[in-house]
Amino acid sequence: MSQLIAAIATPPGTGGVGILRLSGPGAIEAAAQVFSPAGSTALADAPDRQLLYGKLLDEKGQGLDSALAFVSRAPRSYTGEDTAELQCHGSPMVLSLALEALYAAGARAAQPGEFTQRAFLNGKLDLTQAEAVIDLIDAETPAAARAAAGQLEGALSRRIGGIYDGLVDLSAHFHAVLDYPDEELDPFRADTIAAALEGALGGLDALLATYQRGRQLTRGVPTALLGRPNVGKSSLLNALLGYERAIVTQAPGTTRDTIEAKATLGGVLLNLTDTAGLREAGDEAERLGVARSRAAAETAELVLLVLDASQPLTAEDREAIALAQERPRCICLLNKSDLPPVLAAADLPFPWICPVSAKDGSGLDALGERVAALFPAGDTQGGALLTNARQMEAARRARGDLERAQEGLRLGTPPDLLLSDVEEALGALGELTGASVREDITARIFQRFCVGK
């Protein structure tokens with residue numbers, strides 16, 4: 001039997017409301033020791049999820065605050081265990097004293113993610129839904145929140161389940177024919193296997209194709225600000241962030257290394273990297289900075305190429321243009337549009353060109369519209385997409401197993417050997433939802449959570 005755990009479930013610091021959460025054997029009894037109801041109904045006798053008003057008590061039974069409390073009994077609770085929740089004002093001192101009282105009543109401190117981990121272990125959530133909890137907490141855009149909510153409701157689980165169930169049917173049919181040869185069962189035919197494998201592979205290909213979009217929603221789009229020195233890259237970074245993140249001076253080459261920050265533009269989360277200006281390096285430090293700039297541009301999914309609209313193109317500009325053209329998505333920013341223009345859009349080989357001014361902020365709204373067009377917010381597939389590397393790797397292994405089975409079928413491999421590959425694929429798909437996942441993997445997943453979740 002698991003131990004009773006308790007934690008403050010609201011963020012650190014002062015707030016209007018503070019919440020204490022308990023789960024495990026004795027949760028209701030422990031909560032009753034630190035909560036005195038104002039009415040005649042004791043907490044232990046309260047119906048599930050019915051709020052009671054009363055007083056929050058410290059370890060000595062002295063009043064701390066007015067409070068609300070409710071209980072949820074196993075198995076109809078978030079964790080699948082008896083749970084209780086106490087709500088009071090968000091005073092860090094009040095919450096700390098109440099938590100000490102809960103420890104005195106027999107609870108221990110909850111570990112990060114332990115409430116959700118118990119929900120997973122007790123079958124209330126599968127692993128993709130548990131991961132969606134932290135994705136929802138961490139969501140920084142409306143699209144990311146909607147995708148996480150859909151995944152929490154089981155959208156990804158259902159998509160994986162459709163592939164999994166088809167492979168289970170294939171495996172079960174084989175074992176039934178093998179184990180019951182005297183029964184009148186449909187024979188195990190090569191064309192049946194081929195159709196099942198083709199269908200599962202198609203489903204996995206479609207699922208794997210969602211990973212890039214899922215990763216962009218949860219982690220942001222890797223974006224490089226690229227250009228020669230003194231075109232205003234760092235000023236643009238500061239303008240996009242709304243605060244002074246990068247040092248800006250009139251001297252060229254102020255940025256000697258990459259600077260990273262997150263910004264939401266057009267409803268899209270961007271992982272911005274401000275790079276050192278591309279030019280002939282004058283010393284070793286600058287050479288390393290330029291090399292990192294190239295590396296950032298070469299791995300970026302979006303390049304914001306910055307040119308000085310008040311100056312003609314230079315050799316360094318053309319070098320930056322050539323590098324930007326190699327990337328799948330590029331928006332060319334004609335900065336310093338507040339000055340008399342020299343450079344025109346017609347002079348440039350880009351379909352997406354946006355005049356902007358880091359000085360007065362003009363053009364940034366139009367830039368947001370262009371970013372939104374490149375990364376449409378509606379493409380969240382209701383949450384039925386892969387959102388992290390663990391999920392992608394498991395789906396990729398399952399696909400590899402099925403490819404081996406498909407190749408074996410073409411070479412005439414006996415059905416029992418083919419089915420071993422199918423069962424390996426089932427194991428990999430089971431890791432996606434947690435049906436067959438290793439304990440060390442689950443521990444690593446819940447380490448991402450904060451205490452009280």
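1. Which residue follows helix α8, and what is the sign of its phi? The residue is Gly-220, and its phi is positive, near 100°. This note concerns a predicted model, so angles and distances below are computed from that model.

2. Helix α8 covers residues 211–219. Its buried residues are Tyr-211, Arg-213, Gly-214, Gln-216 and Leu-217. A general point helps in reading such a list: an α-helix has 3.6 residues a turn, so residues three or four places apart point the same way. The cover over the buried residues of α8 includes the helices α5 (142–152), α7 (190–208) and α13 (389–410), together with β8.

3. For the chain as a whole, there are 15 helices and 13 strands. The chain has 453 residues, of which 48% count as buried. Take the contacts between residues at least 6 apart in sequence: 66% of them join residues at least 24 apart.

4. One open sheet has 6 strands, in the order β9-β10-β8-β11-β12-β13, and its pairing is mixed. At the edges stand β9 (259–265) and β13; each has a single partner strand, so one side of each is left without a neighbour in the sheet. From one strand to the next, the twist averages 25°. As background, strands of a sheet pair through backbone hydrogen bonds, either parallel or antiparallel.

5. Strand β12, residues 330–335, deserves a separate look. How many of its residues are buried? The count is 6 of the 6, so the strand is largely enclosed by the rest of the structure. The burial applies to both faces: Cys-330, Cys-332 and Leu-334 lie on one side, and Ile-331, Leu-333 and Asn-335 on the other.

6. Next come the partners of β12. Strand β11 (residues 302–308) runs parallel to β12 and is joined to it by 6 bridges. Within this pairing, Val-306 has Leu-333 as its bridge partner, and Leu-304 stands opposite Ile-331. Strand β13 (residues 353–355) also runs parallel to β12, with 3 bridges between them. Here the bridge partner of Leu-334 is Pro-355.

7. Two helices should be read together with these strands. Helix α11 (residues 315–325) forms a right-handed β-α-β unit with β11 and β12. Helix α11 lies across β8 (221–226), β11 and β12, and runs at about 160° to β11. Helix α12 (residues 364–374) packs on the sheet as well, where it touches β9, β10 (268–274), β11, β12 and β13. The direction of α12 makes about 175° with that of β12.

8. On cysteines, how many disulfides does the structure hold? The number is 0. Cys-354 illustrates this: the closest cysteine sulfur to its own is in Cys-332, at 9.5 Å, which is too far for a bond. Cys-354 counts as buried because its relative accessibility is 1%. Cys-450, at 35% relative accessibility, counts as partly exposed.

9. Leu-56 is found in strand β4 (residues 52–57). Is this residue buried or exposed? It counts as buried, because its relative accessibility is 0%. Leaving aside neighbours within four places in sequence, the contacts of Leu-56 include Leu-20, Val-34, Leu-64, Ala-67, Leu-86, Cys-88, Val-94 and Ala-98. Gln-62, Gly-63 and Asp-65 are among its contacts too. Leu-56 and Cys-88 are 32 residues apart along the chain, and their C-alpha atoms are separated by 7.6 Å.

10. Ser-72 is found in strand β5 (residues 63–72). Its relative accessible area is 5%, so Ser-72 is buried. The side chain of Ser-72 makes a polar contact of 3.3 Å with the side chain of Arg-49. Which residues beyond four places in sequence are in contact with Ser-72? They are Asp-48, Arg-49, Ser-77, Glu-81, Asp-82 and Thr-83.

Definitions and conventions: Residues are numbered from 1 along each chain as its sequence is written. This is a predicted model: local features need pLDDT of at least 70, side-chain atom pairs count only at pLDDT 80 or more; totals for chains, interfaces and linings use all residues. Side-chain values use heavy atoms; hydrogens and water are left out. Buried means under 20% relative accessible area, exposed over 50%, partly exposed in between (1.4 Å probe, protein chains only). Helices (H or I, at least four residues) and strands (E, at least two) are DSSP runs, numbered from the N terminus. Two strands pair if DSSP finds at least two bridges between them. A crossover is right-handed if, with the strands pointing away from the viewer, the path from the first strand over the helix to the second runs clockwise. A polar contact is a pair of N or O atoms within 3.5 Å; within protein, one must be able to donate a hydrogen and the other to accept it, and residues adjacent in sequence count only if both atoms are side-chain atoms. Contact means heavy atoms within 4.5 Å. Axes are lines fitted to C-alpha atoms, for helices over the stretch in contact, and angles run from 0 to 180 degrees between N-to-C directions. A disulfide is a pair of cysteine sulfur atoms within 2.5 Å.
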